[in-house]
Amino acid sequence: MRIEIVTPDKKIFEGDIKSVRVPGKKGSFQVLKDHAPIVSTLETGSVILVDPDGKETIFEIEGGVIEVKANKIILLADSVR
Amino acid sequence: MANLKAIRIRIASVKSTRQITSAMKMVSAAKLRKAQDKIVRLRPYANKLYEILVGLSQSLSDSEIDNAYGRVSAPDKVLLVVITSNRGLCGAFNANVIKEARRIVSEKYPDQFRKGNLQLLTIGKKGFDYFRKQSVKMLPEQNNLLNDLTFDNVSKVVDQLMKSFTSGEFDRVELIYNQFKNAAVQNLTYEVFLPVQSVTPGKEKIVPVDYIYEPTQEEIIKELIPKSLKIQFYKAVLDSFVAEHGARMTAMHKATDNATGMIKDLTLQYNKARQATITNQILEVVSGAEALRG
């Protein structure tokens with residue numbers, strides 16, 4: 001599963017991951033492999049990536065949108081701290 | 001024949017000017033590259049956002065979208081955003097924008113101007129310095145934006161603009177800026193920023209995917225429209241910023257070329273003068289010797 005995290009200023013992250021947890025508007029949710037296509041707006045909070053070796057990476061974002069389609073995730077964040 | 005010393009001093013001074021202009025050209029080239037990178041980095045975000053927006057609006061009709069930024073009314077109160085540069089020495093870059101702004105004020109919005117309903121927001125010191133001396137109402141200038149050009153800073157300004165649009169302080173917000181085409185060419189651009197035109201899907205068909213929308217399509221669209229507005233504004237400022245460095249690079253390149261040509265001419269003049277004096281001196285010696293022989 002591939003994820004791209006971009007802000008208007010730069011690309012923050014691109015790579016393969018096992019799962020990602022994002023702060024959705026209606027509550028935080030996790031995306032695993034073969035997730036149904038979804039578009040959701042995001043709140044301020046942490047995005048937790050788990051890479052194939054099980055290592056966690058955390059980004060703090062301030063609002064954004066996520067699109068998941070065919071194991072490709074695109075996360076547009078307003079800004080990343 | 002001009003005197004030798006004067007020409008020598010002149011050559012030295014032109015040479016040092018050339019050194020400065022060619023250094024400035026190099027600095028601009030480096031800054032141009034850096035600024036262009038910023039645009040390239042913005043592109044994936046802008047494209048994706050646009051794609052999502054188009055996908056959403058395809059399944060919704062315009063009336064379903066409650067869009068506060070699409071309020072179309074008679075343009076009684078107008079805000080012109082004039083984007084120039086903070087520094088000069090970039091050819092006609094700023095003059096073009098100022099001229100266009102003046103033309104729009106006098107041709108398109110003379111009534112609003114007379115009633116004092118036309119306001120300007122200047123980004124860039126050059127535009128600010130010019131319009132400050134005119135009898136135009138101005139919002140506080142945003143010249144610092146260009147010194148630290150990040151999306152965060154720009155979006156603060158756009159937030160304010162959007163707020164004053166929704167509260168009815170302005171009926172129309174328009175942008176005037178230089179769009180970057182290549183290092184030598186800038187396109188003067190005049191576009192409507194608010195009210196937003198509805199998103200019209202281009203020719204490219206986006207295959208409809210059955211998305212889950214969270215929370216709802218309407219709410220997502222409501223949140224995405226301000227975002228895409230910010231992107232549009234940010235892109236305009238970035239474009240102008242890149243164009244500025246392009247224009248300065250070209251202007252400095254021309255100045256360097258002119259200095260080189262001038263040095264060549266002056267050197268020729270100098271050599272001619274030098275030879276003339278030598279000829280004169282020989283003539284004097286020969287005729288002196290001739291007179292002695294008597």
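Buried area is the accessible area that two parts lose on being put together, summed over both. In this predicted model, chain A and chain B bury about 2,300 Å² between them. Carbon and sulfur atoms account for 63% of that area. The points below start at the interface and then move into each chain.

**The interface: area and contacts**

- On the chain A side, 24 residues are in contact with chain B. On the chain B side, 22 residues are in contact with chain A.
- A:P8, A:D9 and A:V39 lose the most area to chain B among the residues of chain A. Together these three make up 28% of what the chain A side buries.
- Polar contacts also cross the interface: 12 residue pairs are found, with both residues at pLDDT 80 or more.
- Three strands of chain A each supply at least two residues to the side that touches chain B. They are strand 5 (38–42), strand 8 (64–69) and strand 9 (72–77).
- Strand 8 of chain A gives the largest share of that side, with 5 residues.
- Sorted by class, the side of chain A that touches chain B has 12 nonpolar, 5 polar and 7 charged residues.

**The interface: strand pairing**

- Strand 5 of chain A pairs with strand 6 (residues 212–214) of chain B. The two run in the parallel sense, over 3 bridges.
- Which residue of strand 6 of chain B is the bridge partner of A:V39? The partner is B:Y213.
- A:V39 thus appears twice in this picture: in the bridge to B:Y213, and among the residues of chain A that lose the most area to chain B.

**Salt bridges**

- Over all chains, the count comes to 22 salt bridges. Across the interface of chain A and chain B there are 3.
- B:K48 and A:E67 meet in a salt bridge through their side chains, at 3.3 Å from N to O.
- Within chain A, the side chains of A:K25 and A:E43 also meet in a salt bridge, at 3.9 Å from N to O. This pair links distant parts of the chain, 18 residues apart.
- A:K25 sits in the loop between strand 3 (19–24) and strand 4 (27–31) of chain A. A:E43 sits in the loop between strand 5 and strand 6 of chain A.

**The sheet in chain B**

- In chain B, 5 strands form an open sheet in the order 3-2-1-4-5, with mixed pairing.
- Strand 3 (137–138) and strand 5 of chain B stand at the edges. Each has a single partner strand, so one side of each is left without a neighbour in the sheet.
- Strand 4 (residues 172–182) and strand 5 (residues 185–194) of chain B run antiparallel and are joined by 9 bridges.
- A hairpin of 2 residues connects strand 4 to strand 5 of chain B.
- Along this pair, B:F180 stands opposite B:Q186, and B:E174 stands opposite B:V192.

**Backbone details**

- The peptide bond from B:L194 to B:P195 is cis. B:P195 lies in the loop between strand 5 and strand 6 of chain B.
- B:E214 and B:P215 are also joined by a cis peptide bond. B:P215 lies in the loop between strand 6 and helix 6 (217–293) of chain B.
- A:N71 is not a glycine, yet its phi is positive, at about 60°. A:N71 is in the loop between strand 8 and strand 9 of chain A.

**Confidence in chain A**

- Chain A has a mean pLDDT of 91, and 100% of its residues reach 70 or more.
- In chain A, confidence is lowest in strand 2 (residues 11–16), at a mean of 90, and highest in strand 6 (residues 45–50), at 94.

Methods:
Residues numbered from 1 in each chain as written. Chains lettered and ligands numbered in written order. Heavy atoms only, no water. Contact = heavy atoms within 4.5 Å. Buried area = accessible area lost by both parts, 1.4 Å probe. Salt bridge = Lys/Arg side-chain N within 4 Å of Asp/Glu carboxyl O. Polar contact = N/O pair within 3.5 Å; in protein donor to acceptor, adjacent residues only side chain to side chain. Helix = DSSP H or I, 4+ residues; strand = E, 2+ residues; numbered from the N terminus. Nonpolar A, V, L, I, M, F, W, Y, C, P; charged D, E, K, R; others polar. Pairing = 2+ DSSP bridges. pLDDT = per-residue confidence, 0-100.
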